[in-house]
Amino acid sequence: MQEKSVWEEFFDAHAPIYEQNEFTKNTLREVDFLLEELQLFPGASILDVGCGTGRHSIELAKRGYALTGIDLSAQMLAQAAEAASAAGVHVEWLHSDAASFSLLKQFDGVICLCEGAFGLLGSRDDPFSHPLAILSNICKSLKPQAKAVFTVLNGCAMIRKHQNKDVEEGRFDPLTMVEVSEHAPREGLPAVRVRERAFVPTELILLFRLAGMSVVNLWGGTAGNWGRRLIDLDEIELMVVAQKT
Ligand SMILES: C[S@@+](CC[C@H](N)C(=O)[O-])C[C@H]1O[C@@H](n2cnc3c(N)ncnc32)[C@H](O)[C@@H]1O
């Protein structure tokens with residue numbers, strides 16, 4: 001059997017408490033925002049990449065959309081399936097890696113939120129080809145002209161947060177925009193070493209173009225504080241609204 005990636009290990013262990021995180025508490029408002037951006041009518045199909053415990057997928061399914069959720073963590077998906085059945089909605093859940101999945105179907109919209117795979121690097125993932133592979137898969141999964149909404153780590157904030165000492169001591173690499181840190185998935189469990197990739201706006205525009213999408217908007221996208229506003233250089237996350245070209 002294939003070895004679990006560090007993020008799979010992390011989220012499998014974190015799954016039972018994921019929705020206790022404060023940043024998951026604004027799902028209803030986030031879904032309103034997504035529907036305004038995606039401009040889709042009920043019945044439209046939406047792919048949720050790195051869907052986690054399915055909080056957006058389930059709310060969208062409740063509002064009449066046809067959802068497919070992909071995630072690397074079987075335990076996050078198990079929580080999602082349980083919540084969907086408690087809510088009485090159907091969502092298709094797929095245990096798959098966003099960098100390597102392939103679906104025959106194309107969707108009316110895609111969401112990839114709270115670093116749902118994009119920017120979460122496994123120990124051997126290349127900081128350039130991994131995000132590009134995810135974007136290319138997402139682009140292939142979109143119908144022509146369809147839109148996708150992402151929230152990603154803000155590279156401007158990551159640069160401003162770190163000191164030269166962090167670079168010297170290997171906590172932040174400005175060449176790859178990768179931050180390395182140790183996190184316990186939940187209290188009482190040992191910490192695991194994770195790699196998170198941030199993106200500067202210019203690079204996002206280029207990466208999306210390379211994958212076959214154009215960036216329509218780049219806004220503030222920190223969980224709990226999404227807004228159609230200028231980028232704040234210290235904000236943790238950015239929102240990208242993109243369209244398949
Ligand atoms: C912070 S959670 C976000 C979950 C959800 N999108 C939300 O907004 O609540 C990140 C999710 O991405 C998933 N993930 C990480 N790397 C992935 C990959 N390569 N492919 C698919 N899912 C991945 C994790 O398992 C986790 O469920």
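This is a short exchange about a predicted model, covering a helix, a helix pair and a serine.

Trainee: What makes helix 1 largely enclosed by the rest of the structure?

Mentor: Count its buried residues. Helix 1 spans residues 6–14, and eight of its nine residues are buried, so the label follows. Those residues are V6, W7, E8, F10, F11, D12, A13 and H14.

Trainee: What covers the buried residues of helix 1?

Mentor: The cover includes helix 4 (74–87), strand 3 (91–95), strand 5 (120–121), strand 8 and strand 9 (192–197).

Trainee: Which side chain reaches the backbone at the start of helix 1?

Mentor: That of S5. Its side-chain oxygen comes to within 3.2 Å of the backbone nitrogen of W7.

Trainee: Why is helix 2 called roughly perpendicular to helix 3?

Mentor: Helix 2 (residues 27–38) and helix 3 (residues 55–62) pack at about 65 degrees, with axes 10 Å apart. The label covers 65 to 115 degrees. Therefore helix 2 counts as roughly perpendicular to helix 3. Their crossing is right-handed.

Trainee: Which residues meet there?

Mentor: T27, L28, E30, V31, L34 and L35 of helix 2 meet R55, H56, E59 and L60 of helix 3. By class, this contact has five nonpolar, two polar and three charged residues.

Trainee: How do you know that S181 counts as buried?

Mentor: Buried means under 20% relative accessible area. S181 has 18%, so it counts as buried.

Trainee: Where does S181 lie, and what does its side chain join?

Mentor: S181 lies in strand 8, residues 178–183. A polar contact of 3.1 Å links its side chain to that of H183. Beyond four places in sequence, S181 is in contact with V192, R193, V194 and E196.

How values were computed
Residues numbered from 1 in each chain as written. Predicted model: local features only at pLDDT ≥ 70, side-chain atom pairs only at ≥ 80, totals over all residues. Heavy atoms only, no water. Helix = DSSP H or I, 4+ residues; strand = E, 2+ residues; numbered from the N terminus. Buried < 20%, exposed > 50% of the residue type's maximum accessible area, 1.4 Å probe, protein only. Polar contact = N/O pair within 3.5 Å; in protein donor to acceptor, adjacent residues only side chain to side chain. Contact = heavy atoms within 4.5 Å. Axes fitted to C-alpha atoms, helices over the stretch in contact; angles between N-to-C directions. Parallel < 35°, antiparallel > 145°, perpendicular 65-115°, else oblique. Left-handed = near helix turned anticlockwise from the far one by under 90°. Nonpolar A, V, L, I, M, F, W, Y, C, P; charged D, E, K, R; others polar.
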